[in-house]
Amino acid sequence: MTYTCPDGHSSASGDYCDVCGAPIGGSGGVAPPAAPGAVPPPLPGPSGYVNPLDLAPAGRPTPSAPGAPAAPAEQVCPHCAASNVPGALYCENCGYDFTTGQPPRPLDPPAGVAPPASGGLPADLVPPVDTSAGPPAEVSPGASVAAGPPPLASTVPPVTATSAPGHVEWVAEVWVDPDWYASQDVSEPCPSAGMPAVLPILDRTVLIGRLSTSRNIHPQIDLSSDNGVSRRHAQLNSDGQRWWVEDLQSANGTFVGAAGDALPTTPVPVGQRVELADDDRIFLGAWTRVVVRRATPEESTLGA
C-alpha cells in the first residue's frame, strides 16, 4: 500500500513522506476523507498482527464522535517543539528521548560539508564557559585557537562501548523465522530464510527498528525489510554482562521466548525492561527473530 504526500511523492509510510518528510495527512495532520467505495484497512489477524502501513499516522488522533470526552493534552518535545501523543517515549519528529532527556543523534553532514561549530545544537543547549577557576589563559601571538564553543556538558552519561575499540564482544543474529511468520497470519510473502545475518553490537544501548532518514531514525539493528516492525520498535540495554529488551510502544509488540519452547503469544509489557536469558529469542514484526549472544573469536573483529 502506498500513500501520496502533499508534494506528490509516492511514500510507503503513511505518516511522513519517505522522500521529503512532509506529513502525509496535510497541514492539519488529518488525512482527507476516503473516496466513495474505498476499501477500509484490513482487520488484524487472529494473532493480533496489524501492518503499521495500514494505521493512521502516529500521534494524530481522529476526530472524536459527538459527546465523546476531549482528547488528552499533547506532549510537546522540548528539543524541536513538535507535538506528540501523551506518554510517548520518543519524539516522532526528532527522536528526543522523553524518559532520559537524551537529545537525538545529529544527522551526518553530506560529504564535503563541515559540521556546524556548535555540533548542531540550539544555542540554549550550549553551556556557558566555566569561569570559577579564574579567567581563561591568554593565547600567545601566532598560536592557533580551536574554533567553536567549549566542550558540551550533559547531564546524561554518554553511551559507552561494551568492549575495546576494534573488538566485538556481543553480536545479534537476525533471522527470518518461517514458524513465526506462519503464526502471524500475514498476507505478505515470507522472504527466504537462508543464513542469519550476524551484526556486531558496539554500544550498550541498541535501537531495533526501521530506517527513516526524514525522521532521523537510524537503528543499529535495521529491520527495514519487515513492514511489521515499527520505526522505533524496541531497545536493547546492557550492563556489560547481561542484556535487557524493552518495547517502545510498537504497533505489533515484542515477544521473548526460550529456545525449544513454543512460540510466545504474550508481548513484553510496553516500557518495561525484560532480562534476556542466554537461550532467549526475540520475535517481532512479521517474520523476524533476533538472538543476542557473545561473539565467537572469528566474529570479534567484525567492528574493526
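## Salt bridges and the strands around Glu 173

A search of the whole structure, which is a predicted model, finds six salt bridges. Three of these contacts are described here, together with the strands that carry one of them.

Arg 293 pairs with Glu 173 in a salt bridge, where the closest N and O atoms are 2.9 Å apart. Arg 293 belongs to strand β14 (residues 288-294) and Glu 173 to strand β5 (residues 170-176), so this salt bridge ties together parts that lie 120 residues apart in sequence. Arg 293 also meets the side chain of Glu 299 in a salt bridge, at 2.8 Å from N to O. Through shared partners, the salt bridges join Glu 173, Arg 293 and Glu 299 into one network.

A further salt bridge links Asp 239 and Arg 242, with 2.8 Å between the closest N and O atoms.

The distances are listed below.

| Salt bridge | Closest N to O distance |
|---|---|
| Arg 293 and Glu 173 | 2.9 Å |
| Glu 299 and Arg 293 | 2.8 Å |
| Asp 239 and Arg 242 | 2.8 Å |

Solvent accessibility was computed for several of these residues. In the network, Arg 293 has a relative accessible area of 22% and is partly exposed. Glu 299 has a relative accessibility of 14% and counts as buried, because the cut-off for buried is under 20%. For the other pair, Asp 239 is partly exposed at a relative accessible area of 32%, and Arg 242 is likewise partly exposed, with a relative accessibility of 40%.

The strand pairing gives the setting of Glu 173. Strand β5 is mostly covered, with five of its seven residues buried. One pairing of β5 is with strand β6 (residues 197-201): the two run antiparallel and are joined by five bridges. In this pairing, Glu 173 stands opposite Val 198 of β6. Strand β5 also pairs with β14 in the antiparallel sense, over seven bridges. There, the bridge partner of Glu 173 is Val 291.

Strands β5 and β14 are thus connected in two ways: by the seven bridges of their antiparallel pairing, and by the salt bridge between Glu 173 in β5 and Arg 293 in β14. Within β14, Val 291 is the bridge partner of Glu 173, whereas Arg 293 is its salt-bridge partner.

Methods: Residues numbered from 1 in each chain as written. Predicted model: local features only at pLDDT ≥ 70, side-chain atom pairs only at ≥ 80, totals over all residues. Heavy atoms only, no water. Salt bridge = Lys/Arg side-chain N within 4 Å of Asp/Glu carboxyl O. Helix = DSSP H or I, 4+ residues; strand = E, 2+ residues; numbered from the N terminus. Buried < 20%, exposed > 50% of the residue type's maximum accessible area, 1.4 Å probe, protein only. Pairing = 2+ DSSP bridges.
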